[in-house]
Each structure stands twice: as structure tokens, then as C-alpha cells.
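User: Hi! I am new to reading protein structures and would like to learn what the usual terms rest on. Could you take me through this one?

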Amino acid sequence: MAESRPVRLAAAPSADAADLLDDDGAMALALEQARLAAEQGEVPVGAVVLDATGHLLATGHNRTILDRDPTAHAEVVALRAAARRLDNYRLTGARLFVTLEPCAMCLGAMFHARLAEIVYGAPDPKTGACGGVVDLSVQPRLNHHARVRGGVGAQACGDLLRDFFRARRAAGRAARAQAATAPASASFVPASSASASAAPASSLPASAAPAAPATLTASAAPASFSEAPEADAPLLRNSLSMPKQKPASAAPASPAPHPASHPAAGGEHTHLVCADPDCGAHGVHEQPSGIYLISPSGAVADPAALDLAVERLRALGFRVAVDRTALAVHERFAGTDRQRLAAIQRALKQKHPVVMATRGGYGLSRLLPQIDWRAVADSGKTFIGQSDFTAFNLALLARTGAVSLAGPTAVFDFGGKKVDDLTQALFQETLSGELEILSFESPGADPVDARGILWGGNLAMVASLVGTPYLPDVQGGILFLEDVSEHPFRIERMLTQLWHAGVLEKQHAIVLGQFTDYRLAPHDNGYDLDAVVRWLRKTVRVPVITGLPYGHVKVKATLPVGAPVGIATEDGMAHLVLREHGH
Ligand SMILES: [Zn+2]
């Protein structure tokens, strides 16, 4: 290239072999810069510029707050330093490494600098100009271009950003909890900051809008920048770009009452990322909401566990009220059918926006015909529970199309020895609407890039509803399933029932959560859960994704049953897009 048209390539004035950097080395240096930024309270983004021969030319990190300069993004800071060093604004042949997908301003500056290549780490679905929001790197009408590569060291880059924003949110939350009138007995301090740092590596789209509030949105941008993603843009493009299109809806699609429609997840192998640009401010301006606890299923065995759960929820900043029959006992149920139905009725009328089940067990199935589903949907309450509560989630969806949540229950998740930090954070972030994408490890996941209504829950409960008016008829959905204490052959048998009933084949994806607490026998001869998953993959022509952090386990996501979501897999990771952008 340089042969036919002589060009003076950028080269560091005093380069020696010691500062020759490869991709990993350059990104590591950029990350170091990002950390420096964080230490100074700037959004942690760092950049380095290498000359045409791979030697270090300059570094930079975000300085917008420090310098009171809206243009002081890491890339611009590094470009300026590099240009000064070369005494030339043209950095021909040079390459820039940055921890986050560049914004339109920075990409433009880099084009003007005649860079040969731009390499970024984490994608930025909020301001990214390499596919995150717009893709200027492929605009043929721009007169200069550079090669653009994304995803180098994305995990570490995303981690850093995510930790930064989480810590900021945690600080806001702590301040809020302190301000809230927490009961004197509340000994449980919000552990969000602990959960943030303890949370496993995040993977993708850590959002990272610049510290300054201004985010480039398609509508605010000049016309030539406002190229909207195609209607059917894949979920994963350039690592990960956010879709705009709403999924073809399934069941009756009445709007969610108070849709906490962006939950997330956790798990030892789970990464969650908030892709919200203002997430630094989130949690600060969110009002803590109130929770009303009811027992629609099995009897609460240990009242002290419920007391503890109430105390902990209050310490998180929630106002909590316990229904007067929450501790009732009748046979194995939390009260007679009439008592439990009355509790549901009271839940619709009381003032708190969230209604949480104290526990699962068994008992909702027999109540389904007597629940006024229209009234439940019209109440505007957000119902949450799991296990037996799947019957409630699915009946509500089937009868009205309303969204409810599958997630923590008071006794199981908040009344034990310890509350899982991630479960708690995900629950809160779901309620406050912070979480947009739940990413989790899914080794060997089938390739998929689809949208649909998220639905499902406990496998035994889903299977039990087949043939009843309470199983939603979801076409092209994302079906998630978990179960506990079921031997793999029983799991297979229930899946077979769904398959024979035509339920599985019409989904866009089957997402398996955690199947726990069963015992294999010697005569299984190697038949195990993996064998069931292999059988499932062979049997149904629907992508199967494993690893969803949901089930009868401590670490669980809070999932919006009935909400449109996206799912995509890439490199052993699955990404559940719980809230699409454009809000
Ligand atoms: Zn920028």
C-alpha cells in the first residue's frame, strides 16, 4: 500500500524493542489507563496509540470531569498526545486501542488522524459508533476510514466499567437506604458494593456512557448519523449491538402492569451488565418500592424466617407489609383455599406495588379457576414468586397477557442464613429497571439469535398446565425451565410431554436453568442430565441454551414472564436481552 503512494508512516521518535506491543499488551495498557481514570472519578475508559511499527506512541484516559472538557474522551486525549509527540496531526498507519467502543466524536477524530486501525474492548450499546448505536465505520460516504475491530479483551474492559457503575449505584443505594426510615432492628446493610466486586466477571456490553450526561442518540444526531438499525438487525452484530425491533408478540399482549421488564441474573458463572448510560445515577433517583407478602401456596414452616426476610427487605429500603394470613396453616397449605384467595384479593387492593410470595410449595393449581385474572392484571401490581408460583405467572399470561416476575421468594431467598448478593442486586435492579442484559456462560449453546416472549418457570408446573386454559399459547417464545428433586428421566418425561403437546417445537429457544437435588442410580448406566439435554437437542429442532441462573438455587435472576426479550449466543456465552433500547 505504501509502495505506490509514498506516505510517511507514523513512528515513535525513540522506539526500541522494549515498547513493542501486541494486541494483548496494548489492551492491557489501555486497561491500566482506564483504572487510572476510575481512580480519579472518571468513567473508566483508557486508550493507547501505537505507531505503524507497533511501538507505543501515547496513552490517554477519560478526563472530561477533570478538564471540564466534553471532548476529553480517552481516545481524543491519546490522539492529542500522539500528535504532539510526532508533531503532526496525521498519525498515518498508527493504531489506537481503547477499552470501550468509541463514540461518534472519537471515531471521527480517529478517521481524521488517518489511523490504520481502531481496536476496542467492550461494545457500547448506548453511544458506540462502530455498531453499538450507529455504525460509522462502514459509512462509504465518509472520506476517511480505518479498520475497526471489537471485542479484544472485552471481558476485562466490561468488568471494569461494570464494577465502576455498580459501585456508584451501590453508593447511591446505601445513601438511599440510610435516608429511608429503616427500622432500628435493621442490621442488614445493603451489600451491593460487595456484590459488585464479588460478582463474577462481566462479559459484554457494560454500558459506559461517558461521565457527562450527553449520550448520542439517533434522534439527536445529525441526519447522516441517525441511521437506525435495520428492523431485523441481528442481536449480535459487532459483538453485541442492541436491537430496536420488538419481537413478534405471542399471547395476548396487553401491556405489563408495572413491568419490571428488565431483570437479570447471577450465578457463579453469570455475568450481568447494566447497559444503562445513566447507571451512575441509577438507584439514586429510584424510589424504593413497597412489597406486600402473601402465601398463596405452601405453609410457611418457620415464622422466624419470614420475620428475618421482612427485616432484610426493609434494610434494602423497601417498605414491607405482610398479609394477615401469610402464616396461616391448613393441611400443607398456607391457609384454606378461601383464605389464600382472600389474601390475593387483598394484595390487589393494598398500596404496595410489588406482591411477593413468601414461598412456593404447592397450592396454586387448585385456586386458578377462582382467581380474577383480569383484576390481577388491572391492579397494576408486580407479582413475583417461583416454583409453585409458575402456575400464577403462566395463568396470568394466558388469561390476560400481563407480565409478572419469576424470581426470589421471601423465605427462600431472604429468610435464610445468608442472602445472595447477586440475587438481591438482580432483584433490585429488575424492580428499578436498571438491568438490560443478562449474560451467562453457556458452553456448547446452540447458535441462536432470536426474539420472543419470555415464559416458563418450573418444569413440573409448566407440564401440569398442558391442556388447561392456564397454559399460555406462546408462539415463537423463549421458554425457560428449571426443576428440583426430579430425576433426569422425570425431567425428560415432562419435556416429552411438552414436546408431544407441540409446545417445544413452536418456541424460538429453550433455555434451561438449574436442575438440582436429584440422585442418580447405578442402573442409570451413565444416563444423566447431560444425556437428557443431548436427547432434547436431537429431538426438537429448537436451539437449546443451558446455564440460565435460575431455579431452586441461591443465585437466581428475576425474569419477566410474558415480556418480549431477545436471546443470542456467542463464544460460549448466552445473552438474554431483557430490555431493548430505545426507551
Ligand atoms: Zn468518545
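Analyst: Happy to! A residue is called buried if 20 or more other C-beta atoms lie within 10 Å of its own, exposed if 12 or fewer, and partly exposed in between, with C-beta atoms placed from the backbone. Helices (H or I, at least four residues) and strands (E, at least two) are DSSP runs, numbered from the N terminus. This is a predicted model, in which local features need pLDDT of at least 70 and side-chain atom pairs count only at pLDDT 80 or more, while totals for chains, interfaces and linings use all residues. Residues are numbered from 1 along each chain as its sequence is written.

User: What makes strand β3 mostly covered?

Analyst: Six of the six residues in β3 (residues 95-100) are buried. In the protein, buried residues make up 57% of the 583 residues.

User: How do you know which strands pair with β3?

Analyst: Two strands pair if DSSP finds at least two bridges between them. Strand β1 (residues 46-50) is joined to β3 by four bridges and runs antiparallel to it, with Val49 having Leu96 as its bridge partner in β3. Strand β4 (residues 117-122) shares five bridges with β3 in the parallel sense, and there Leu100 stands opposite Ala122.

User: Why is the unit of β3, helix α3 and β4 called right-handed?

Analyst: Point the strands away from you: a crossover is right-handed if the path from the first strand over the helix to the second runs clockwise. The β-α-β unit of β3, α3 (residues 104-112) and β4 is right-handed.

User: What makes β8 and β17 edge strands?

Analyst: Six strands form an open sheet with mixed pairing, in the order β8-β7-β9-β10-β11-β17. Because β8 (319-322) and β17 (559-561) each have a single partner strand, one side of each is left without a neighbour in the sheet. Within this sheet, β10 (residues 382-385) and β11 (residues 404-406) run parallel and are joined by two bridges; Ile384 stands opposite Leu405 there.

User: How do you know that the span of helix α7 is close to the expected one?

Analyst: The expected span is 1.5 Å times one less than the number of residues. Helix α7 (residues 337-349) has 13 residues, for which 18 Å is expected, and it reaches 19 Å from its first C-alpha to its last.

User: Which residues of α7 are buried, and why are they said to be on the same side?

Analyst: They are Arg340, Ala343, Ile344 and Ala347. These residues cover an arc of only 95° around the axis, which puts them on the same side of α7; the arc is that of the directions from the helix axis to the C-beta atoms. An α-helix has 3.6 residues a turn, so residues three or four places apart point the same way. On the other side of α7, Arg338 and Lys349 are exposed. The buried residues pack against β7 (290-294) and β9 (354-357), where contact means C-beta atoms, placed from the backbone, within 7 Å.

User: Why does Ser387 count as buried, and why is Asp571 called exposed?

Analyst: Ser387 has 26 C-beta neighbours inside 10 Å, so it counts as buried. Asp571 has 12 other C-beta atoms within 10 Å and is therefore exposed. Ser387 lies in the loop between β10 and α9 (390-400), and Asp571 in the loop between β18 (564-570) and β19 (573-577). Ser387 has a positive phi of about 65° although it is not a glycine, and Asp571, also a residue other than glycine, has a positive phi near 50°.

Technical notes:
Two residues are in contact if their C-beta atoms, placed from the backbone, lie within 7 Å.
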